[in-house]
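Open the model in your viewer and keep the sequence panel beside it. This tour goes stop by stop: select, look, move on.

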Amino acid sequence: MKEYQTITEISGPLVFAEVDEPVGYDEIVEIETPQGDTLRGQVLESSEGIVSIQVFEGTGGIDRNASVRFLGETMKMPVTEDLLGRVLDGSGNPIDGGPEIVPDKRQDIVGEAINPFSREYPEEFIQTGVSAIDGMNTLVRGQKLPIFSGSGLPHNELALQIARQATVPEEEEGEDGDGSEFAVIFGAMGITAEEANEFMDDFERTGALERSVVFMNLADDPAVERQVTPRLALTTAEYLAFEKDYHVLVILTDMTNYCEALREIGAAREEVPGRRGYPGYMYTDLAQLYERAGRIEGKEGSVTQIPILTMPGDDDTHPIPDLTGYITEGQIMMDRDLNSQGIEPPVNVLPSLSRLMDDGIGEGLTREDHGDVSDQMYAAYAEGEDLRDLVNIVGREALSERDNKFLDFADRFEEEFVQQGYDTNRSIDETLELGWDLLSDLPKTELNRIDEELIDEHYREDETAEAVQAD
């Protein structure tokens with residue numbers, strides 16, 4: 001192994017060194033400072049005679065007298081089933097005071113792309129216990145469904161609730177026999193120490209840590225480490241899913257911090273910036289992460305992703321949510337107005353979408369009435385929202401009795417269906433029964449998106465509805 005003392009420049013998180021032999025892209029580097037500290041880095045760019053190295057721990061203490069060693073291999077994650085219940089830093093080192101990790105193997109963190117021919121179509125329901133997601137924007141195994149939030153909104157509370165409550169229903173009923181277990185990989189990037197403490201307190205208090213692996217990259221950790229954290233998390237998820245047959249839910253927060261790190265490193269490399277200063281390759285970079293979700297033919301396990309991002313200025317046309325929306329299969333939108341009304345979680349179902357929902361619900365998966373109930377509630381809530389604008393102009397007295405019914409439905413939908421708090425875990429049956437309870441306030445004649453047999457079976461007749469129908 002050659003050792004070089006040829007550092008020519010240090011720029012932000014990057015170190016530039018001269019070399020006299022080819023060096024591989026993404027190769028791991030050790031830099032020994034004059035003080036005797038050893039820092040790790042990764043080759044970011046390699047051209048004839050010079051390489052640029054991004055240093056994970058920051059470039060403090062490095063000068064022209066530091067020694068550079070190229071290890072001849074890319075970064076690998078030590079993986080084992082014993083990682084469940086452990087807390088690691090953003091570089092994969094244990095920070096929970098537990099024993100050293102004894103790996104079964106070491107896997108490359110870049111990962112291999114799933115062969116499209118081998119991909120299985122995602123169509124099995126994951127129950128999060130959150131009605132606004134399970135009932136209206138269902139999550140299925142192998143899907144990537146991001147949460148679009150804004151600064152100051154309680155996306156962390158929703159993430160913790162999903163991490164705590166998410167299950168595969170057939171497991172609970174014992175139908176799987178020796179089937180797959182459920183695990184959660186939680187990757188935090190650029191979060192504050194206060195947020196980190198909140199996450200860890202919740203994981204430990206509820207016992208969710210036992211089936212989780214937590215990666216923590218804090219706001220004061222180097223930006224370079226933020227690029228590695230999600231890749232370590234996804235490598236661990238792939239090992240548990242495709243080699244140990246777990247159904248793995250990967251929650252990544254906050255992807256905005258990850259993209260800011262990309263921009264910072266791009267600026268240090270003096271790259272030509274793209275839209276709003278972000279690198280032109282950001283779409284490719286995000287796709288490399290998101291496309292690691294999925295199912296593989298012949299494998300029991302699955303990797304499902306819920307990336308969380310805070311939209312700068314609540315702007316959904318910003319490059320980060322815009323590019324994420326192109327790659328992923330829908331989005332869960334959090335709403336500032338609902339949050340100000342005290343709705344928990346403040347999920348706005350109208351702009352939210354799960355593109356794979358239709359394939360993951362229905363008879364044999366959730367319930368045969370699921371699709372119809374969801375469509376009818378969506379249509380009724382949308383009409384109620386439109387009528388709210390009209391009420392602001394003409395007043396409620398000018399509306400017909402029918403219109404008032406839809407206004408009342410919109411209020412009840414937010415206050416009873418979406419509102420459930422962060423500690424309530426609703427089964428899919430409870431969610432759908434609550435939906436029927438709300439729909440039964442509308443006249444039967446207005447339920448034009450539900451099969452008549454289902455209406456006869458589930459509609460709860462009351463005197464008011466009968467009187468309206470008679471009119």
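Start just after helix α6: select E270, which takes a positive phi of about 60°. Before going further, note that this is a predicted model, where local features need pLDDT of at least 70, side-chain atom pairs count only at pLDDT 80 or more, and totals for chains, interfaces and linings use all residues. Residues are numbered from 1 along each chain as its sequence is written, and side-chain values use heavy atoms, with hydrogens and water left out.

**Stop 1: helix α6**

Select residues 255–268, the 14 residues of α6. Helices here are DSSP runs of H or I with at least four residues, and strands are runs of E with at least two, numbered from the N terminus. From its first C-alpha to its last, α6 reaches 20 Å, close to the 20 Å expected at 1.5 Å a residue. That expected span is 1.5 Å times one less than the number of residues.

Go to the N-terminal end. D254 caps α6 there, with a side-chain oxygen 2.9 Å from the backbone nitrogen of T256. Polar contacts on this tour are pairs of N or O atoms within 3.5 Å; within protein, one must be able to donate a hydrogen and the other to accept it, and residues adjacent in sequence count only if both atoms are side-chain atoms.

Now color by burial. Buried means under 20% relative accessible area, exposed over 50%, and partly exposed in between (1.4 Å probe, protein chains only). The buried residues of α6 include M255, Y258, L262 and I265.

**Stop 2: D221 and helix α5**

Select D221, in the loop between β16 (212–218) and α5. D221 counts as partly exposed because its relative accessibility is 22%. A polar atom of the D221 side chain lies 2.8 Å from the backbone nitrogen of L218. Beyond residues up to four places away in sequence, D221 touches M216 and R226; contact means heavy atoms within 4.5 Å. Add G90: its C-alpha is 8.3 Å from that of D221, although the two are 131 residues apart along the chain.

Next, select α5 itself, residues 223–242. How many of its 20 residues are buried? The count is 20 of 20, so α5 is mostly covered. Its end C-alpha atoms are 30 Å apart, which agrees with the 28 Å that its 20 residues should span at 1.5 Å a residue.

**Stop 3: R292**

Select R292, in the loop between α7 (282–290) and β18 (294–296). Is R292 buried or exposed? R292 is buried, with a relative accessible area of 5%. Its side chain reaches the backbone oxygen of V110 at 3.2 Å. Leaving aside neighbours within four places in sequence, the contacts of R292 include I109, G111, R231, E238 and Q305.

**Stop 4: salt bridges**

The whole structure has 37 salt bridges. Each is a side-chain nitrogen of Lys or Arg within 4 Å of a carboxyl oxygen of Asp or Glu.

- Select D314 and R336: their side chains meet at 2.6 Å, N to O. The pair links distant parts of the chain, with D314 in the loop between β19 (302–310) and α8 (319–327), and R336 in helix α9 (residues 336–340), 22 residues apart. D314 is partly exposed at 36%, and R336 is partly exposed at 35%.
- Select E414 and R388: this bridge is 2.8 Å, N to O. It joins helix α12 (residues 401–418), home of E414, to helix α11, home of R388, 26 residues away. E414 counts as buried at 5% relative accessibility.
- Select R367 and D369: their closest N and O atoms are 2.8 Å apart. Both R367 and D369 are buried. They belong to a network of salt bridges that also links R412, E416, D429, E433, D437, D441 and R460.

**Stop 5: T366**

Select T366, in the loop between α10 (357–360) and α11. T366 counts as buried, at 15% relative accessibility. A polar contact of 3.0 Å joins its side chain to that of H370. Not counting residues up to four places away in sequence, T366 touches F125, G360, I361 and I428.

**Stop 6: the end of α11**

Finish on I393, in helix α11 (residues 370–394). I393 is exposed, with a relative accessible area of 72%. Add L390 and V394: with I393 they form a nonpolar patch on the surface, with about 290 Å² of accessible area together. Such patches are made of residues with over 30% relative accessible area and no salt bridge; like charges are joined within 9 Å, and nonpolar side chains (Val, Leu, Ile, Met, Phe, Trp, Tyr) within 5 Å. Accessible areas come from the Shrake-Rupley method with a 1.4 Å probe, and for residues only the protein chains shown count as cover.
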